[in-house]
Each structure stands twice: as structure tokens, then as C-alpha cells.
Amino acid sequence: MCQKELIMEKNTLQKFEILALLHEFNQHELQLTVYRNTDIHFLHEVLQILEEITEFIEKQNDVFSLNDILSVERIRELYIHKANIYLHFNTYEKALEAYQKAKSYISKEEKDDKLHWLKCMDGISWVKARMELYEDALKDCNELISYAFQKDALLPKFFTVRACCYKELGQTLLSERDFEIAKCNPLQVKMVLQKLGDYSLPNGFTVEGYMGIGNRAFALGFIREALLMYENAIVKEPTNAQLYFGKGVILSKMQHHNDAIQAYTNCLQFDAYMTDAYVNRGNEYSQLRIWNLALQDYQDALKIDPHNEMAKHNICELNK
């Protein structure tokens, strides 16, 4: 028998062997995926089969190919199963390797109807977080959430992982936000992101999203963070009077009275009837002892709202 025939015979025998292994795995797959059998002995048995199958897959070359018995889709399913079992056993390095291998079989051009890319990225981000690779995990979480948003496949657990990463990286506000989103019903998650936006999305946060984080930051005493959120919101809606009002409140808290006056002035340019903006600007003028301008603002507030108690009180104080 010539060398070529020997190689062909060897390849044929190997294919029969992998077919036998695939048949054996198929008998266990229902227990693994539908019934979620987590018996340790069962999982070890399945993992051993998967290890042997993937070993054959990795031996493929120009001479030995499995294209006629294994589709690319089936190959990545096998690696995902393998990764999931390693993750169950907390064998993170091997789980990560298997998820990344599965991902390598996914083309960006394909439809990915079975969401294999999403499953891989979910696993990769989860494993990296457990390995304390928080910055890498955070990047993967953002990529995952962006993809899931497009595919209408958002799940609360994606935000739990990202929240943990934010927490470990000292980003308290974003961590709190993600933990709140993770409490939502899966059907509500996309609506929340459409309303508030997200760092993972092309347009980032919406104005309402920035305001929500800014208000929470202010309540927790993170004043500079609150100011940044309002300034980001103003970039998106530069004619929104309420945003300038919020910025004025923050600047006042920081004792930046001149800047606060400018913020309230901007506010009144877009809403000349906002009584609280006149009162607050009057307070800032009072802090700077510019009494005549303070009085003018309180009087303007009373023209709009004759019953405004704060404006009345402050005028009385000025007249003492």
C-alpha cells in the first residue's frame, strides 16, 4: 500500500472515530442543554468527549479535513459547550480559551442567527471578571451590550457583570446604575437603554441619562462628577433651560458664584419665566454682595410668581 493510501485510510479511521464521539456526545446533549444536568460525574464524562472531539478539530489541515462531517456552526457549539463546563468547574483559563476558540469560528459578515457571538462574549466577559481582569472584562461587556442591543437580545445578567467591573474599578455611579438595570425584567432592558442611553451605544447617554447620573452624583456628594454629567447633557441639548439650571445649582454648591450666575443667565435666555432661576441667581449675587442685582432678580421673580415666599423673604433680608 502506497503512502497516499495509508494516509487516506488513517483519515478515514479518524473520521469514524470522531463520528462515534459525536454520536456519544449527541446522546448527552439534551441532558446538558435542556435539562441542565450539573452532576459532576456527568459533566466530567461529557467534557472528556468534547476534549477528544476538539483535539481532532485542531488537527485539521490540508490533508485531514472534517468539513464533510462537521459544519462551522457545529464546531463553535462544541467549543461553547466545552467552555461552559470549564466555567462550571471554575477552570477559568481553559474556559476562556474555549470561548475564544469558538469566537474565532464566527465571521462578522454572517447573520449569526443562533447568537453564538453573543454567547461567546457573554462567557468571555464573565470569565475575565472572575479572573479579576476588570478593564478587559469591561470592554467586552460594552461590546456585548452593544451587540445584544442591535439583536434585541439584551439580558439583565450582562449588566450584573459590568456593574461588578465598574465597582472594582471604583466607578460607583455607573456600578449603581447597572445594578439597577440588572433588576429590570428582560423585556424592559432595551426600553431603559433607549430612554437613558449607554456608554456602549454609538450615541452614548441621552440627556435624561446624563441627568440621572448627575443627580445621583450630586446626592452622593460627587459634585465634580455631577457637573461633568450636566455639561455632557448640555452638549447634546444646548438650548435646554433645565440643564443650565441644574448646572447652576451644582456650581453654587462648589462656591463658584460667578460661574453659577452665568449658568442661571443661560437658563433664563431659554426660559425667561423660570422663577427659581431668578431667585437662585439673586442668591449668587447676594453671596458676592452685589445687592442691587440680587434685589432686581428677586423682584423679577415676584413679577412672575407674586406668591414666591423665597423671593419675598430674601427681599426682606436685603432691606434690613
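Biologist: How many salt bridges turn up in the whole structure?
Modeller: A search finds 20. The cut-off for a salt bridge is a side-chain nitrogen of Lys or Arg within 4 Å of a carboxyl oxygen of Asp or Glu. Keep in mind that this is a predicted model: local features need pLDDT of at least 70, side-chain atom pairs count only at pLDDT 80 or more, and totals for chains, interfaces and linings use all residues. Side-chain values use heavy atoms, with hydrogens and water left out, and residues are numbered from 1 along each chain as its sequence is written.

Biologist: OK. What does E73 pair with?
Modeller: K114. The closest N and O atoms of E73 and K114 are 3.2 Å apart. This pair links distant parts of the chain, 41 residues apart. E73 sits in helix α3 (residues 72-88), K114 in the loop between α4 (92-104) and α5 (116-130). Helices here are DSSP runs (H or I, at least four residues), numbered from the N terminus.

Biologist: Is E73 buried, exposed or partly exposed?
Modeller: Partly exposed, at 33% relative accessible area. K114 is also in that class, at 43%. The classes: buried is under 20% relative accessible area, exposed is over 50%, partly exposed is in between (1.4 Å probe, protein chains only).

Biologist: Which other side chain does K114 meet in a salt bridge?
Modeller: E77, at 3.3 Å, N to O. K114 in the α4-α5 loop and E77 in helix α3 are 37 residues apart. E77 is buried, with a relative accessible area of 16%.

Biologist: Switching helices. What about K247, which partner does it have?
Modeller: E231. The closest N and O atoms of that pair are 3.9 Å apart. K247 lies in helix α12 (residues 241-253) and E231 in helix α11 (residues 223-236), 16 residues apart. K247 is partly exposed at 21%, and E231 is partly exposed at 31%.

Biologist: Back to K114. Which residues are in its network?
Modeller: Salt bridges that share partners join K114 with E29, E73, R74 and E77.

Biologist: New topic. How many disulfides?
Modeller: The structure holds 0. A disulfide needs a pair of cysteine sulfur atoms within 2.5 Å.

Biologist: Which cysteine sulfur is nearest to C165?
Modeller: That of C141, 4.8 Å away. C165 is in no disulfide.

Biologist: And is C165 buried or exposed?
Modeller: Buried, at 0% relative accessibility. C316 is partly exposed, at 48%.

How values were computed:
Helix = DSSP H or I, 4+ residues; strand = E, 2+ residues; numbered from the N terminus.
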